[in-house]
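Please look over the sequence and the model before reading on. The paragraphs below go from a single term to the whole chain, and then to its parts.

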Amino acid sequence: MSRGAWLGLAIAALAVAASITGLNNGFVYDDQAIIVGNAHVHTLAGLAHRFIEPYWPADRGSGLYRPLTIVLFALQWAVGGGTAWIFHFVNLLLYAGLSVAVFGLARRILPEMAAVVAAALFAVHPVHVEAVANGVGQSELTAALAVVVAVTLYLQWRKTQPADSLTTLRLLVLCLLYLAACGCKEHGVVLPALLLLAELTLVEDPRPWVSRIRSLAPSFGVLAVVGVSYLALRSWILRDVPTDIEALSWLPLTAAQRIMTALALVPEWLRLLFWPAHLQADYSPLETAVVTTVQPIVVVSSILLGAGVAAVILLRRKWPPGAFGAGWIAIALLPASNLLVASGQVLAERTMMLPSVGAVLLLGGMAALAMARASSARERRLTGVLPAVLIVAGLIRSAGRQPVWATDAGLRAQTVLDAPRSYWAQWIYGDWLFTHGKPADGERHMRRAVELYAGNPFIMRTLAIRYQDNGFCPAAAPLFTQTLQLRPLWWEVRLRLAGCLLTLGRNQAATDVVDAGIALGAGLGELQAFRAQPPPQPFPTTPTPPR
């Protein structure tokens with residue numbers, strides 16, 4: 001084999017070494033709803049229908065649109081008989097293949113050893129653990145793989161035949177890769193922007209800009225049509241999903257406040273990309289601050305973003321790899337940044353997969369500069385030792401983090417330790433404890449969630465339901481009442497509150513709660529049925545609270 005092939009195998013081996021400790025992981029977190037509890041994944045019948053259906057099951061909000069991911073999950077479910085190992089094995093193969101693809105891209109723009117450094121850092125990057133260790137993270141891997149391959153092919157074709165590089169066949173290949181990326185995850189929509197970035201920073205074309213634009217405009221126009229068509233189809237399929245699983249943290253904020261909150265996270269983005277020593281599965285408030293007024297961190301982050309854009313422009317010719325890497329980070333971060341639209345999370349490590357390609361290319365460019373400028377034996381040794389230390393550290397951190405995602409219980413418990421000020425971490429762990437026979441511990445964590453995010457109706461509703469299901473209506477009724485003050489149209493909560501009040505012997509109060517809901521017009525049939533014939537004791541009771 002050629003030297004490049006051997007180096008590619010070494011990169012793949014690094015990726016496997018960093019991730020193989022997660023091969024025995026089970027179905028965890030979103031795996032439960034998307035894979036284990038999703039009937040569409042459990043059959044190969046009607047696979048074509050997956051392309052006109054939402055990603056999330058109907059009972060979980062019917063949000064997002066990732067048809068190709070669901071099809072791939074269905075195939076793996078059939079092959080593995082519903083066991084988790086096949087999903088983790090495929091993730092491992094995809095990660096190894098993606099790391100090799102990053103090496104192929106890096107070789108297009110960097111000297112060979114600098115490309116090795118970039119790809120090796122990618123293969124062991126700890127921020128990738130969430131996407132690789134969790135079954136549903138496969139969407140990140142497949143989308144990133146399609147994007148990286150597409151950009152690599154584009155650079156190859158533009159280099160070999162700069163005057164007439166994008167033939168009809170090649171454009172078709174790019175379109176298919178584009179559709180594959182978008183079909184796996186919506187973040188793939190940024191591909192044309194990355195191709196344009198590559199054209200502006202890396203492609204050497206001697207023709208005048210007018211001729212260059214004239215020859216490339218039809219190809220980019222076709223890609224734009226593909227992207228717009230995908231977004232239109234996605235919008236049509238999700239037309240009845242009001243928030244597309246928008247993060248709860250964004251619901252009380254205006255668009256301007258959401259953008260300021262997102263800007264305040266810029267330092268955290270950079271930390272995760274360049275020094276991911278600390279990892280956590282959740283970044284909800286108060287782990288991340290909700291910003292409602294202009295604060296110094298917002299100003300500083302805005303300056304950093306502006307400086308990054310200026311650097312891409314100024315370094316476009318003086319240091320193309322650096323400009324390309326920095327621009328890649330900015331473009332790839334946009335879909336999940338919450339700067340353009342509200343997404344399903346404030347910040348998530350799995351969404352760093354595609355931006356991290358730009359980060360390692362930027363680091364590889366720095367390594368190339370250092371290697372070129374090393375004038376003494378000591379400096380040359382240093383340029384080799386420092387990347388080696390980072391690679392070993394990343395390998396150890398990644399391999400050690402993978403088993404955290406082995407079980408739901410372990411992940412939720414660890415997340416509370418990693419992110420103790422996250423209301424979501426406390427909430428989901430407390431809810432898990434409540435439903436697994438540990439109500440006292442569950443109450444403690446869910447009470448902490450209520451304290452951390454005071455006034456969040458979703459948390460109060462969940463805790464109230466757990467109290468009621470455990471037979472302690474004296475604690476449930478006030479929480480149901482507070483929830484209805486914030487969400488008066490939640491008729492299911494009215495029914496539960498009425499049931500609690502009846503259990504407590506407060507019959508008139510129960511009638512008043514139901515009548516108020518009927519007056520609002522929410523859940524008329526259910527409320528009227530309850531009003532006509534309330535159950536004598538609708539919910540179980542126990543004499544003591546779950547403490």
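A residue counts as buried when its relative accessible area is under 20%, as exposed when that area is over 50%, and as partly exposed in between. Tyr29 has 15% relative accessibility, so Tyr29 counts as buried. This applies to a model that is predicted, as does everything that follows.

Tyr29 sits in the loop between H1 and helix H2 (31-36). Its backbone has a positive phi of about 60°, although Tyr29 is not a glycine. Most residues other than glycine have a negative phi, and most peptide bonds are trans. Asn338 is another non-glycine residue with a positive phi, in this case about 70°. Asn338 belongs to the loop between helix H14 (320-337) and H15. Its relative accessible area is 0%, so Asn338 is buried. A cis peptide bond is found between Pro285 and Leu286, with omega at about 5°. Leu286 is placed in the loop that runs between helix H12 (266-274) and helix H13 (296-314).

Now consider the chain as a whole. How many helices and strands does the protein chain have? The secondary structure comes to 24 helices and zero strands. A compact globule of 547 residues would have a radius of gyration near 24 Å, and the 26 Å of the protein chain agrees with that. Along the principal axes, the C-alpha atoms fill a box of roughly 85 × 55 × 50 Å. Of the 547 residues, 53% are buried. Contacts can also be sorted by how far apart their residues lie in sequence. Taking contacts between residues at least 6 apart, 74% join residues at least 24 apart.

Helix H5 shows what burial looks like for a whole element. H5 covers residues 112-123, which is 12 residues. From its first C-alpha to its last, H5 reaches 16 Å, close to the 16 Å expected at 1.5 Å a residue. Is H5 largely enclosed by the rest of the structure or largely open, and why? 10 of its 12 residues are buried, so H5 is largely enclosed by the rest of the structure. Among these buried residues are Ala114, Val116, Leu121 and Phe122. The elements that cover the buried residues of H5 include helix H1 (3-19), helix H4 (85-109), H15 and helix H16 (377-401).

H15, which helps to cover H5, also meets helix H7. The axes of H7 (residues 138-160) and H15 (residues 353-373) come within 9 Å and cross at roughly 45°. That angle makes H7 oblique to H15. On the H7 side, the residues that meet H15 are Glu140, Leu141, Ala144, Val147 and Val148. On the H15 side, they are Met353, Leu354 and Val357. What kinds of residues form the contact of H7 with H15? They divide into seven nonpolar, no polar and one charged.

Helix H11 (residues 255-263) gives a further example of packing. Gln257, Arg258, Met260, Thr261, Ala262 and Leu263 are buried in H11. These buried residues pack against H12, H13 and H14. Thr261 can be taken by itself. Its relative accessibility is 2%, so Thr261 counts as buried. Thr261 and Gln295 are 34 residues apart in sequence, and their C-alpha atoms are 9.9 Å apart in space.

The next residue to find is Trp209, in helix H10 (residues 209-237). At 37% relative accessibility, Trp209 counts as partly exposed. Leaving aside neighbours within four places in sequence, Trp209 is in contact with Leu200, Arg316 and Arg317.

The last residue to find is Ala477, which lies in helix H21 (residues 473-486). The relative accessible area of Ala477 is 6%, so Ala477 is buried. Not counting residues up to four places away in sequence, Ala477 touches Leu497 and Leu504. How are Ala477 and Val210 separated, along the chain and in space? They are 267 residues apart along the chain, and their C-alpha atoms are separated by 71 Å.

Definitions and conventions:
Residues are numbered from 1 along each chain as its sequence is written. This is a predicted model: local features need pLDDT of at least 70, side-chain atom pairs count only at pLDDT 80 or more; totals for chains, interfaces and linings use all residues. Side-chain values use heavy atoms; hydrogens and water are left out. Axes are lines fitted to C-alpha atoms, for helices over the stretch in contact, and angles run from 0 to 180 degrees between N-to-C directions. Helices (H or I, at least four residues) and strands (E, at least two) are DSSP runs, numbered from the N terminus. Angles under 35 degrees count as roughly parallel, over 145 as roughly antiparallel, 65 to 115 as roughly perpendicular and the rest as oblique. Contact means heavy atoms within 4.5 Å. Ala, Val, Leu, Ile, Met, Phe, Trp, Tyr, Cys and Pro count as nonpolar, Asp, Glu, Lys and Arg as charged, and the others, Gly among them, as polar. The expected span of a helix is 1.5 Å times one less than its number of residues. Buried means under 20% relative accessible area, exposed over 50%, partly exposed in between (1.4 Å probe, protein chains only). The radius of gyration is taken over C-alpha atoms; the globule rule is 2.2 Å times the number of residues to the power 0.38.
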